[in-house]
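Thank you for making room for this on the agenda. I would like to walk you through one structure, going from a few charged side chains out to the chain as a whole.

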Amino acid sequence: MSEEDKIVYKQAMMRMDELVEEVLQICDDVAEENHFERDWVLEAFRSKFNKAKRTRNK
């Protein structure tokens with residue numbers, strides 16, 4: 001892997017970390033606003049995300 005590829009990869013992974021934090025914050029907000037359990041919101045999100053992933057890949 002070239003140095004440029006390593007830099008691009010590192011930037012992409014940093015953005016993935018940011019995206020994870022953004023999604024977790026949104027899930028926390030949804031749980032708080034709707035008086036839901038945080039774990040339930042995270043599981044519901046995971047389920048919907050996986051379903052969307054499967055549907056999109058077809």
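Lys 6 has a relative accessibility of 40%, and because anything between 20% and 50% is classed as partly exposed, that is how Lys 6 counts. Its partner, if you look at the side chains, is Glu 3, and the two meet in a salt bridge with a distance of 3.5 Å from N to O. Glu 3, for its part, counts as exposed, since its relative accessibility is 55%, and the cut-off for that class is over 50%. Both residues belong to helix 1, where they sit 3 residues apart, which is about one turn of the helix. I should say at this point that the model is a predicted one, so please hear every value as computed from that prediction.

As a general remark, side chains of opposite charge can pair when their charged atoms come close. How many salt bridges does a search of the whole structure find? The search returns 5, and I will pick out two further pairs.

In one of them, Arg 15 is joined to Glu 22, with the closest N and O atoms 2.9 Å apart. Arg 15 is partly exposed at a relative accessible area of 37%, and Glu 22 is likewise counted as partly exposed, at 39%. These two residues are also part of a network of salt bridges, in which Arg 15, Glu 18 and Glu 22 are linked.

The other pair is Arg 38 with Asp 28, whose closest N and O atoms are 2.4 Å apart. This pair links distant parts of the chain, with Arg 38 in helix 2 and Asp 28 in helix 1, 10 residues apart. Arg 38 is partly exposed at 38%, and Asp 28 is partly exposed at 24%.

Turning to the chain as a whole, it contains 2 helices and 0 strands. The radius of gyration is 16 Å, whereas a compact globule of 58 residues would come out near 10 Å, and the C-alpha atoms fill a box of roughly 50 × 30 × 10 Å along the principal axes. Of the 58 residues, 7% count as buried.

Finally, where is the largest pocket lined? Helix 1, residues 3–34, and helix 2, residues 38–56, each give two or more residues to its lining, and the space inside comes to about 310 Å³. The lining divides into 8 nonpolar residues, 1 polar and 1 charged, and among its members are Met 16, Leu 19, Phe 45, Arg 46 and Asn 50.

Conventions
Residues numbered from 1 in each chain as written. Predicted model: local features only at pLDDT ≥ 70, side-chain atom pairs only at ≥ 80, totals over all residues. Heavy atoms only, no water. 1 Å grid on protein atoms, 1.4 Å probe; cavity = no way out; pocket = protein on both sides within 12 Å on 5 of 7 lines; lining within 4 Å. Points joined across faces, edges and corners; volume = space filled by probe spheres on them. Helix = DSSP H or I, 4+ residues; strand = E, 2+ residues; numbered from the N terminus. Nonpolar A, V, L, I, M, F, W, Y, C, P; charged D, E, K, R; others polar. Rg over C-alpha atoms; globule rule 2.2 N^0.38 Å. Buried < 20%, exposed > 50% of the residue type's maximum accessible area, 1.4 Å probe, protein only. Salt bridge = Lys/Arg side-chain N within 4 Å of Asp/Glu carboxyl O.
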